[in-house]
Amino acid sequence: MRPSCPADAHHVVCIGPPSVLSVTSHGTDDRSTRMRIGILGTGAMATALGGAWVRAGHDVRVGGRDAEAAARTARRTGAAGHGSLAEATAHGDVVLTAVPADVAPQLAEELAPLLVGRTVIDCTVPMAPGADGPALTTGGDSASVARLIADAAPGSHVVKAFGVCHESIWTLDRPAFEGVPLTVPFCTDEPNAATRVAELIASMGCTPLACGGLGRAALLEATAVFAVGIWWSGAEARFVFPAPALAPGAVDD
């Protein structure tokens, strides 16, 4: 059975502890709530998510070690500005770490004083080629990049989100499939950060899916690596997870 979740007329899904998400996101068009977002990184995920957030009406600033790369990413996304990693961090109430997974914890440590009190979204996928396909580089179990970031930047409010989908999905405006808005899972220990990220997801036209505390972030990372392996094999990940309710006589146990 699924744990209970706060329910009202708004559109939100919860499969984690009800304390994780105290305020649900808006069910119609939530583009009216403008957030200040700093993006750390200038690669494909930074560009795709930055563009999605600009389309959703948010105030985005791109930061990078390479000034030219930051300027280029800002132009591609339509971001309001660009600058150093520290400047992008200082700009955002929400900060995205869109850098390689093995770099993210060290970057968080460098920026730790600036990250205090901010919602930090970790979208990284800790993955490397393995003998049987893509493999986690964290060792699995409860280890996760998100937890390493939280440990490196005490006082920040880390959320694991946006890493399950390929970056191309975030180039779509209000992504929906078979008439259903895309569901975006996330994990965090911080209720206020959960609320803020749920609102951010809703502003993109997607459905927030609260999946519990940061201890479950390793599950999202493993799911992303597993899905990548399926895609690389030429198969469709969505066909691996049919809903039990689709089977005749199914019961929810």
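Reader: How many bridges join strand E12 to E13?

Author: Happy to start there, with the reminder that this is a predicted model. Strand E12 covers residues 183-188 and runs parallel to E13. The number of bridges joining the two strands is four.

Reader: Which residue in E13 is the bridge partner of Phe-186?

Author: Good one to look up in the viewer. E12 and E13 also belong to a right-handed β-α-β unit, together with helix H7 (residues 191-203). Within E13, Phe-186 has as its bridge partner Ala-210.

Reader: Which residue of E13 points the same way as Pro-208, and is the strand buried or exposed?

Author: In a regular strand, side chains alternate between the two faces of the sheet. Here Thr-207 and Leu-209 point one way, while Pro-208 points the other. All four residues of E13 (residues 207-210) are buried, and the partner of Pro-208 in direction is Ala-210.

Reader: Within what arc do the buried residues of helix H6 fall?

Author: The buried residues of H6 (residues 145-152) are Val-145, Ala-146, Ile-149, Ala-150 and Ala-152. Looking down the axis, they line one face of the helix, because their arc is 165 degrees. Their packing partners include strand E5 (94-97), helix H4 (104-110) and helix H8 (217-232). So the arc to note is 165 degrees.

Reader: How far is the sulfur of Cys-165 from the closest cysteine sulfur?

Author: A disulfide is a covalent bond between the sulfur atoms of two cysteines. A search of the whole structure finds zero disulfides. For Cys-165, the closest cysteine sulfur is in Cys-206, too far for a bond, since a disulfide needs sulfurs within 2.5 Å. The distance is 8.1 Å.

Notes
Residues are numbered from 1 along each chain as its sequence is written. This is a predicted model: local features need pLDDT of at least 70, side-chain atom pairs count only at pLDDT 80 or more; totals for chains, interfaces and linings use all residues. Side-chain values use heavy atoms; hydrogens and water are left out. Buried means under 20% relative accessible area, exposed over 50%, partly exposed in between (1.4 Å probe, protein chains only). The arc is that of the directions from the helix axis to the C-beta atoms. Contact means heavy atoms within 4.5 Å. Two strands pair if DSSP finds at least two bridges between them. A crossover is right-handed if, with the strands pointing away from the viewer, the path from the first strand over the helix to the second runs clockwise.
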